[in-house]
Amino acid sequence: MKKGVSFLVTIALLALASSLAYASDPSPLQDTCVAIAEPKNAVFVNGKFCKNPNLTVAEDFFYSGLDKPGNTSNPVGSAVTPVNVAQIEGLNTLGISAVRIDYAPYGQNPPHTHPRATEILTVLEGTLLVGFVTSNPENRLFSKVLNKGDVFVFPIGLIHFQFNIGHTNAVAIAGLSSQNPGVITIANAVFGSDPAIDPAFLARAFQLEKNVVEYLQSRFWYPNN
């Protein structure tokens, strides 16, 4: 009898622990979502409003054009073609999206993060040097040279990059674990913010002369994402 009671208590505790493990808020699907008391003034939910299922059609889950190369004639030599909830409305609530990335010879996808998604990248053509850096205090670099057919994972939120080290164009396809992964390109965010961050502050933070920071802030930071 005691063994039976002990077994039931153990099961109950495991069930409680399991429920607590899943008792968390859903991940945000946009940068901000400020609470509002009056629903009629609300403009967003966490994601998108849902279409009436009776009105749903096959086109809601379809996108055409990922076979077309992006224009890499820009300062960073790369182009990102997204396929997220903005392109396929049927992705809403499904927690997945994709991108095609084209690289000119020696083009790069500069250091950036996806605040809401892990990324898995597959090289279709060319040779890429890729990598990501872990969080403080280790700041370890994990880097690899990828060839056609190779796959690499960039964990959620970590700074990562891709660089075409070949003499020819390169192409990659990536899947991301959010319908709206978001992207923060480090240089663009720090030196191209609007309004600008105080250059004296950045000079101390990056241990640079103030005039160097002001020069960086005066540059145009190309938004390839």
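**Reading burial, cores, a helix and a pocket**

Visitor: How does Pro110 count, buried or exposed?

Guide: Pro110 counts as buried, because its relative accessibility is 11% and the cut-off for buried is under 20%. Keep in mind that this is a predicted model.

Visitor: Where is the place of Pro110?

Guide: Pro110 sits in strand S3, which spans residues 108–113.

Visitor: Which residues is Pro110 in contact with, leaving aside its neighbours within four places in sequence?

Guide: Pro110 contacts Val76, His160, Phe161, Thr185 and Asn224, with neighbours within four places in sequence left aside. Look also at Ile186. Its C-alpha is 8.0 Å from that of Pro110, although 76 residues separate the two in sequence.

Visitor: On to the cores. In the largest nonpolar core, which residues touch the most other members?

Guide: Tyr103, Leu121 and Leu128 do, in a core of 18 residues. Strands S2 (97–103), S4 (119–125), S5 (128–133), S7 (151–154) and S9 (170–176) are the elements that each give two or more residues to this core. S9 supplies the largest share, four residues. There is also a second, separate core of six residues, Val190, Phe191, Leu202 and Leu216 among them.

Visitor: What is Leu128 in contact with, beyond its neighbours within four places in sequence?

Guide: Its contacts include Tyr103 and Leu121. Others on the list are Val123, Val145, Leu146, Phe163, Ala170 and Ala172. Lys144 and Asn164 also touch Leu128.

Visitor: Now a helix. Why do residues three or four places apart point the same way?

Guide: An α-helix has 3.6 residues a turn, so such residues face alike. Take helix H4, residues 210–218, where Val213, Leu216 and Gln217 are buried. These three lie on the same side of H4 because they cover an arc of only 100° around the axis.

Visitor: Which exposed residues does the face of H4 turned away from its buried side carry?

Guide: That face carries Asn211 and Ser218. On the buried side, the cover includes helix H2 (186–191) and helix H3 (199–205).

Visitor: Last, pockets. What shows where empty space is left?

Guide: Rolling a probe the size of a water molecule over the atoms does. Here the largest pocket holds about 290 Å³ of space.

Visitor: Which residues lie nearest the centre of the largest pocket?

Guide: Cys50, Lys51, Glu89, Gly90 and Asn92 do, out of 13 lining residues. By type, the lining has five nonpolar, four polar and four charged residues.

Definitions and conventions: Residues numbered from 1 in each chain as written. Predicted model: local features only at pLDDT ≥ 70, side-chain atom pairs only at ≥ 80, totals over all residues. Heavy atoms only, no water. Core = buried A, V, L, I, M, F, W, Y, C linked by side-chain atoms within 4.5 Å. Buried < 20%, exposed > 50% of the residue type's maximum accessible area, 1.4 Å probe, protein only. Contact = heavy atoms within 4.5 Å. 1 Å grid on protein atoms, 1.4 Å probe; cavity = no way out; pocket = protein on both sides within 12 Å on 5 of 7 lines; lining within 4 Å. Points joined across faces, edges and corners; volume = space filled by probe spheres on them. Nonpolar A, V, L, I, M, F, W, Y, C, P; charged D, E, K, R; others polar. Arc of directions from axis to C-beta.
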